[in-house]
Amino acid sequence: MKKLIAQKTTDFRAKLAGLSGKPLLFCIFLSAVMITICSTCSFLFATNSWVDANCLFTVGRSMFHGQVLYRDIIDHKGLYIYTINILGYLFSHRSFFGMYLVEILFFSVFLYVSYRSLRIYVSRHTALCLLPLLAAVAAACNSFDRGCSAEEFVLPMAAACIYFMLRYLDSGCDETRMDWNILLINGILAGIVLWMKYTMLGLWFGFMAMVFFLMLSKKQVKRAFLSCLVFLGGMAAASLPALLYFGINGALEDCWNIYFYDNI
C-alpha cells in the first residue's frame, strides 16, 4: 500500500512538473483551483449569496432580453460589467456556473500576464513558484469578496498595464517598449474600465503620467503629447460601442444622470 501511495504521489508530482513547464496551462490550472475554492459561483457552493453579484447577473439577463440599461433597469455599475454577465448567462440561464467559467478565464489571463511581469526580473522557475502565492493573495482580498466583483474582472487589464509599465522601465525607457500600439492598447483597456467602474482608472492615469514625464525628461516633447493623444484615442475607441448602444436606444441622458452624475 505504501509503495502504491508513493508511486501515485510521484506520478502526481511528475504531472505537475510537466504542467509547470507550460506557463499558460499552469495558469489555467491554478485559476481553476483558486476560483473553485474562493468564488461562491463555483459548483462547491449552492449559489452566490452576494447582493452585488446577483444584481449584476440580473441586470445582464434583463439586457439580454431587451431591457435597456439605465432606461428600463437601473444599477450603478457600467455597461461592460453587465456585458460580461451576459456572457455568463449564455452558458447557464439558471445558475452562476457560467460566471464561474468566465471567472476562470479572466483569472487565467491575470495570472499569465503577471507571470510575464515576473519574468522581467526572475527566472522561469521562480516566477512559476511565485504564481500560487500571487493567486492566493488576489483571491483572498476583500475586493474579490465571493466572486464576480468588478475589481476581479479588471485584474487582467490592470496586470497588462503594470506589465507594459515594468517592461518600459526595465528597458531604460526604450521607445520600442512603448510604441504607439502599446499606448493604444492601454487606452482601450482604460476605456473598458471606464465603462465598468471608472473609480478604478487611477492606475492608467499614473501610467500615462509616468510615460508623459519620462518622455519630457528625455526632451521628447512632441512624442510625449502625441502619446497622450494616442492613449485617449484608445479610450475613445473603447467608448464608442457604449455610446452607440445608449444613443440608439435613446438612453444617453439616462446614462449620464445615473452612471456619471449620480455616482459622482
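## Two helices that cross

Helix 4 and helix 8 sit roughly perpendicular to each other, because the angle at which they pack, about 85°, falls in the 65 to 115 degree range that counts as such. This comes from a predicted model, so keep that in mind for everything that follows. The axes of helix 4 and helix 8 are 5 Å apart. Why give both an angle and a distance? Two packed helices are described by the angle between their axes and the distance between the axes.

Which residues make the contact? From helix 4 come L79, Y80, I81 and I84, and from helix 8 come G191, I192, W195 and M196. Sort the residues of this contact by type and you get 7 nonpolar, 1 polar and no charged.

## The overall picture

Now zoom out. The protein has 11 helices and 0 strands, so reading along the sequence gives the pattern α-α-α-α-α-α-α-α-α-α-α. Along its principal axes, the C-alpha trace spans about 70 × 55 × 25 Å.

How much of the protein is buried? Of its 264 residues, 45% are buried. There is also plenty to say about how the chain meets itself: take the contacts between residues at least 6 apart in sequence, and 71% of them join residues at least 24 apart.

## The nonpolar core

The largest nonpolar core has 83 residues. Inside this core, the residues with the most contacts are F107, W195, W204 and F207. Helix 7 gives the most to the core, with 12 residues. As a general point, in soluble globular proteins nonpolar side chains tend to be buried together.

W195 is worth a second look, since this core residue turned up in the contact between helix 4 and helix 8 as well. What does W195 touch once its neighbours within four places in sequence are left aside? The list runs G78, L79, Y80, I81, S239, A242, L243, F246, C255, Y259 and F260.

## Salt bridges

How many salt bridges are there in the whole structure? The search finds 4. The idea behind them is simple: side chains of opposite charge can pair when their charged atoms come close.

One of them joins the side chains of K77 and D52, at 3.7 Å from N to O. K77 lies in the loop between helix 3 (51-64) and helix 4 (79-91), while D52 is in helix 3, so the pair ties together parts that are 25 residues apart in sequence. Are these two buried or exposed? K77 counts as buried because its relative accessibility is 8%, under the 20% cut-off. D52, at 27%, counts as partly exposed.

Another salt bridge links E151 and K197, with the closest N and O atoms 2.6 Å apart. E151 belongs to helix 7 (residues 150-170) and K197 to helix 8 (residues 180-197), so this pair ties together parts that are 46 residues apart in sequence. E151 is partly exposed, with a relative accessible area of 24%, and K197 is partly exposed with 24% too.

D72 and R71 also meet through their side chains in a salt bridge, at 3.0 Å from N to O. D72 is partly exposed at 39%, and R71 is partly exposed at 40%.

## A buried serine

S108 is found in helix 5 (residues 97-119). Its relative accessibility is 7%, so S108 counts as buried, the cut-off being under 20%. Which residues does S108 contact, apart from its neighbours within four places in sequence? They are C27, I28 and S31.

## Toward the end of the chain

E253 lies in helix 11 (residues 252-262). With a relative accessible area of 60%, E253 is over the 50% cut-off and therefore exposed. The C-alpha atoms of E253 and L118 are separated by 44 Å, and the two residues are 135 apart along the chain.

N263 comes in the segment after helix 11, and is partly exposed with a relative accessible area of 34%. How far is N263 from H76? Their C-alpha atoms are separated by 7.1 Å, although their positions lie 187 residues apart in the count along the chain. Setting aside residues up to four places away in sequence, N263 touches H76, Y198 and I258.

Key: Residues numbered from 1 in each chain as written. Predicted model: local features only at pLDDT ≥ 70, side-chain atom pairs only at ≥ 80, totals over all residues. Heavy atoms only, no water. Helix = DSSP H or I, 4+ residues; strand = E, 2+ residues; numbered from the N terminus. Buried < 20%, exposed > 50% of the residue type's maximum accessible area, 1.4 Å probe, protein only. Contact = heavy atoms within 4.5 Å. Core = buried A, V, L, I, M, F, W, Y, C linked by side-chain atoms within 4.5 Å. Axes fitted to C-alpha atoms, helices over the stretch in contact; angles between N-to-C directions. Parallel < 35°, antiparallel > 145°, perpendicular 65-115°, else oblique. Nonpolar A, V, L, I, M, F, W, Y, C, P; charged D, E, K, R; others polar.
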